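Let's take a friendly walk through this model. Have the sequence and the 3D view open side by side as you read.

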Amino acid sequence: MLKIKRFIRPLIFIIIGAIAGYLYYTFYGCTTGCLITSNPFKTMAYTSVIGYLISVITKK
């Protein structure tokens, strides 16, 4: 049980990051020319990594 609890917080941040990335792609992403924001999967992957890093940095 303790091993599972260790992964819940980062997983929540990763999911929130993916949702934020999709919303960013939907409202602000460009269709051509942009390396990261031209593809929703790249945008979601990038913001998921950022979400994970935030969860690690803010860990108590």
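How much space lies in the largest pocket? In this predicted model, the answer is about 250 Å³. Its lining is made up of Arg6, Phe7, Arg9, Pro10, Tyr52, Ser55, Val56, Thr58, Lys59 and Lys60. Helices α1 and α2 each supply at least two of the lining residues, and α1 gives the most, with four.

Now for the fold itself. The chain has two helices and zero strands. Helix α1 covers residues 2-28, while helix α2 covers residues 40-57. Their axes come within 7 Å and cross at roughly 145 degrees, and the crossing is right-handed.

If you would like to see the two helices meet, start on the α1 side with Arg9, Pro10, Phe13, Ile14, Gly17, Ala18, Gly21, Tyr22, Tyr24 and Tyr25. Their partners in α2 are Pro40, Thr43, Met44, Thr47, Ser48, Gly51, Tyr52, Ile54 and Ser55. Arg9, Pro10, Tyr52 and Ser55 are among the residues of this contact, and they are also among those lining the largest pocket.

Here is the make-up of both sites by residue class.

| Site | Nonpolar | Polar | Charged |
|---|---|---|---|
| Contact of α1 with α2 | eleven residues | seven residues | one residue |
| Lining of the largest pocket | four residues | two residues | four residues |

Finally, consider the overall dimensions. The C-alpha trace spans about 45 × 20 × 15 Å along its principal axes. The chain has a radius of gyration of 13 Å, whereas a compact globule of 60 residues would have one near 10 Å.

Notes
Residues are numbered from 1 along each chain as its sequence is written. This is a predicted model: local features need pLDDT of at least 70, side-chain atom pairs count only at pLDDT 80 or more; totals for chains, interfaces and linings use all residues. Side-chain values use heavy atoms; hydrogens and water are left out. Axes are lines fitted to C-alpha atoms, for helices over the stretch in contact, and angles run from 0 to 180 degrees between N-to-C directions. A crossing is left-handed if the near helix is turned anticlockwise from the far one by less than a right angle, and right-handed if clockwise. Contact means heavy atoms within 4.5 Å. Ala, Val, Leu, Ile, Met, Phe, Trp, Tyr, Cys and Pro count as nonpolar, Asp, Glu, Lys and Arg as charged, and the others, Gly among them, as polar. On a 1 Å grid over the protein atoms alone, a cavity is a set of points where a 1.4 Å probe fits but cannot get out, and a pocket is an open set with protein on both sides within 12 Å along at least five of seven lines; lining residues have an atom within 4 Å of a point. Grid points are joined across faces, edges and corners, and a volume is the space filled by probe spheres set on the points. The radius of gyration is taken over C-alpha atoms; the globule rule is 2.2 Å times the number of residues to the power 0.38.
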